Amino acid sequence: MESLSIRGGIPLHGEVTISGAKNAVLPIMAATLLTSEPCVIRRVPDLSDVKFMGQILASLGAQVKFEGSILTVRAEKIKGVGDYELIRKMRGSICILGPLLARLHKAKVSLPGGCVIGSRPIDLHLKGLKALGVKLSISNGYVIATAPRLVGGDLFLGGRAGPTVLGTANVLMAAVLAEGVTIIESAACEPEVVDLAGFLNAMGAKIIGAGSPTITITGVRELHGVDYEVIPDRIEAATFAIAAAATDGEITLLGSRPDHMHAVLDKLREAGVKVERHGPALTVRRGSRLKPVDITTLPYAGFPTDVQAQMMVLMALTPGISIITERIFEARFMHVSELARLGADIAIEGPSAIVKGGKPLSGAPVMASDLRASAALVIAGLIAKGTTLVKRIYHLDRGYENIDAKLRQLGARIERVEES
Ligand code: EPU
């Protein structure tokens with residue numbers, strides 16, 4: 001297993017190109033199952049989660065070819081059984097359920113299971129599919145679904161913590177080939193859902209309203225192949241923006257979508273960070289003084305849960321008290337105890353973390369627990385005095401393309417080392 005060894009204290013400077021969005025490309029890859037024609041996907045990030053999804057599509061019978069950042073999938077003849085060993089590795093794989101049902105009218109997909117950031121149920125996915133006429137049962141750890149006819153319906157996808165991103169994706173992908181009209185109320189509004197709808201419309205689907213809480217889908221008889229470019233990753237962009245402010249450097253993010261980042265950029269500005277926009281490029285640097293801010297994670301267009309851990313590091317540096325409240329995933333504070341090992345003063349009170357900022361951080365070995373916690377530990381390592389060893393970085397490789405190379409290009413002293 002590999003670790004990252006980081007020598008802290010160097011301000012990051014320079015330009016970094018933002019990769020394609022992991023959470024957009026995963027459901028888009030699943031959507032290729034909806035047609036027998038070839039689909040070309042561009043700006044595909046080189047991530048282990050993307051490779052897993054490629055393996056899942058191949059295990060279902062699709063031809064999958066990666067050429068740099070271009071992925072071609074041809075799902076000419078496919079089967080409807082998703083392998084347990086592959087699916088359990090990645091929660092995003094649940095979004096093959098909708099397309100398999102639309103294409104084959106039956107599917108057997110292993111339950112994705114829990115996860116370190118919270119329980120992550122799929123009841124809303126199943127509720128949405130049932131509303132389209134799908135018969136569902138759970139047996140021996142598999143969801144077994146059949147739908148001799150998929151029929152459009154009206155459904156409400158709001159849950160305890162608001163809408164569901166992959167649940168909306170699953171229902172969208174089933175509804176595009178259903179008979180009649182489907183209306184999803186309380187749909188997720190995330191840019192990744194809009195990107196999936198864009199991909200499906202480019203295949204010949206009829207979807208309107210994506211990006212709003214009401215999505216209307218008029219079913220079509222078949223979909224065709226497509227050539228499509230995925231949106232840039234707003235979470236990767238936010239992570240580099242925070243790293244610029246945290247290290248007191250200046251980074252220009254190339255090829256980002258600032259219009260997908262309003263909540264993060266607004267909070268950064270409130271925290272005293274200077275953000276300048278030049279078209280798709282964003283230049284980020286610390287202002288004269290950092291200020292503590294309170295943050296609550298919310299569904300889009302609120303502050304993303306996927307940036308909560310990274311922002312906590314910036315607040316740990318900032319003199320004063322910040323309160324960070326997690327409203328999407330109840331257990332997403334695994335990074336707190338590791339940040340404490342570096343010297344941060346953070347207490348958890350229910351769904352909130354109380355950050356008493358301004359304590360100096362010093363390097364130590366820390367353990368990455370999930371993707372975004374790992375990113376936070378890397379940022380903390382970049383500012384901590386001495387050397388930080390971030391262990392179990394396979395989490396990072398799931399969602400950040402070449403993060404160590406990109407950071408090195410910005411001046412960071414960061415190396416991959418074999419864990420002893
Ligand atoms: N929820 C339910 N029932 C469901 C589905 C979700 O109660 O059937 C709850 C969840 O437990 C959570 C909330 O609804 O409290 C929102 O979960 P959601 O379904 O939106 O999450 P997801 O679709 O499984 C995606 C991203 C996550 C990101 C969340 C929230 C992918 C592959 N994953 O997960 O990304 O945090 O949306 O924005 O798109 C990451 O990239 O690090 C990551 C975890």
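**Reading the calls in a predicted model**

User: Why is Cys 95 counted as buried?

Analyst: In this predicted model, the relative accessibility of Cys 95 is 0%. A residue is called buried when its relative accessible area is under 20%, and therefore Cys 95, at 0%, counts as buried.

User: How many disulfides does the count come to, and how do you know where Cys 95 stands?

Analyst: A disulfide requires a pair of cysteine sulfur atoms within 2.5 Å, and by that rule the count is zero. For Cys 95 the nearest cysteine sulfur belongs to Cys 39 and is 14 Å away; set against the limit of 2.5 Å, this leaves Cys 95 in no disulfide. For Cys 189 the nearest cysteine sulfur is that of Cys 95, at 18 Å, and Cys 189 is likewise in no disulfide.

User: Is Cys 189 buried or exposed, and what makes it so?

Analyst: Cys 189 has a relative accessibility of 13%, and because the cut-off for buried is under 20%, Cys 189 counts as buried.

User: Which residues are closest to the ligand, and how many surround it?

Analyst: The ligand is surrounded by 23 residues, with Asp 123, Leu 124, Thr 164, Asp 306 and Ile 328 the closest. By residue class, this shell holds 11 nonpolar, eight charged and four polar residues. Helices α1 (22–31), α5 (123–130), α6 (165–175) and α12 (371–383) each contribute at least two residues to the shell, and α5 has the largest share, with three residues.

User: How do you know which polar atoms of Lys 22, Asp 123 and Ile 328 to set against the ligand?

Analyst: A polar contact needs a pair of N or O atoms within 3.5 Å, and each of the three can be set against that limit. For Lys 22, a polar side-chain atom lies 3.0 Å from a ligand oxygen. For Asp 123, an N or O atom in the side chain is 2.7 Å from a ligand nitrogen. For Ile 328 the partner is a polar backbone atom, 2.5 Å from a ligand oxygen. The ligand taken alone exposes 830 Å², of which the protein buries 93%.

User: Why is the ligand said to lie between domain 1 and domain 2?

Analyst: Domain 1 (2–19 + 232–418) gives residues to the shell around the ligand, and domain 2 (22–229) gives residues to it as well, which means that the ligand lies between the two domains.

User: What makes α1 mostly covered?

Analyst: Of the 10 residues in α1, nine are buried, which means that each of those nine has a relative accessible area under 20%. Lys 22 is one of the buried residues, and others among them are Val 25, Pro 27 and Met 29. Lys 22 thus appears in two parts of this account, as a buried residue of α1 and as a residue whose side chain has a polar atom 3.0 Å from a ligand oxygen.

User: Why is Thr 297 called buried, and where is its place in the chain?

Analyst: Thr 297 sits in the loop between β18 (295–296) and α10 (308–317). Its relative accessible area is 0%, and therefore Thr 297 is buried. A polar atom of the Thr 297 side chain lies 2.9 Å from the backbone nitrogen of Arg 327, a distance that falls within the 3.5 Å allowed for a polar contact.

User: Which residue does a cis peptide bond join to Ala 301?

Analyst: The cis peptide bond joins Tyr 300 to Ala 301, with an omega of about 10°. Ala 301 is in the loop between β18 and α10, the loop that also holds Thr 297.

User: Why are Arg 43 and Arg 392 called partly exposed?

Analyst: Partly exposed covers relative accessible areas between the buried limit, under 20%, and the exposed limit, over 50%. Arg 43 has 26% and is therefore partly exposed, and Arg 392, at 34%, counts as partly exposed too. Arg 43 lies in the loop between β3 (38–42) and α2 (48–59), and its phi is positive, about 55°, although it is not a glycine. Arg 392 lies in the loop between β23 (387–391) and α13 (394–399), and its phi, near 60°, is also positive in a residue other than glycine.

Notes:
Residues numbered from 1 in each chain as written. Predicted model: local features only at pLDDT ≥ 70, side-chain atom pairs only at ≥ 80, totals over all residues. Heavy atoms only, no water. Near = heavy atom within 4 Å. Polar contact = N/O pair within 3.5 Å; in protein donor to acceptor, adjacent residues only side chain to side chain. Areas by Shrake-Rupley, 256 points an atom, 1.4 Å probe, with all protein chains shown as cover. Helix = DSSP H or I, 4+ residues; strand = E, 2+ residues; numbered from the N terminus. Nonpolar A, V, L, I, M, F, W, Y, C, P; charged D, E, K, R; others polar. Domains from an automatic or database assignment. Buried < 20%, exposed > 50% of the residue type's maximum accessible area, 1.4 Å probe, protein only.
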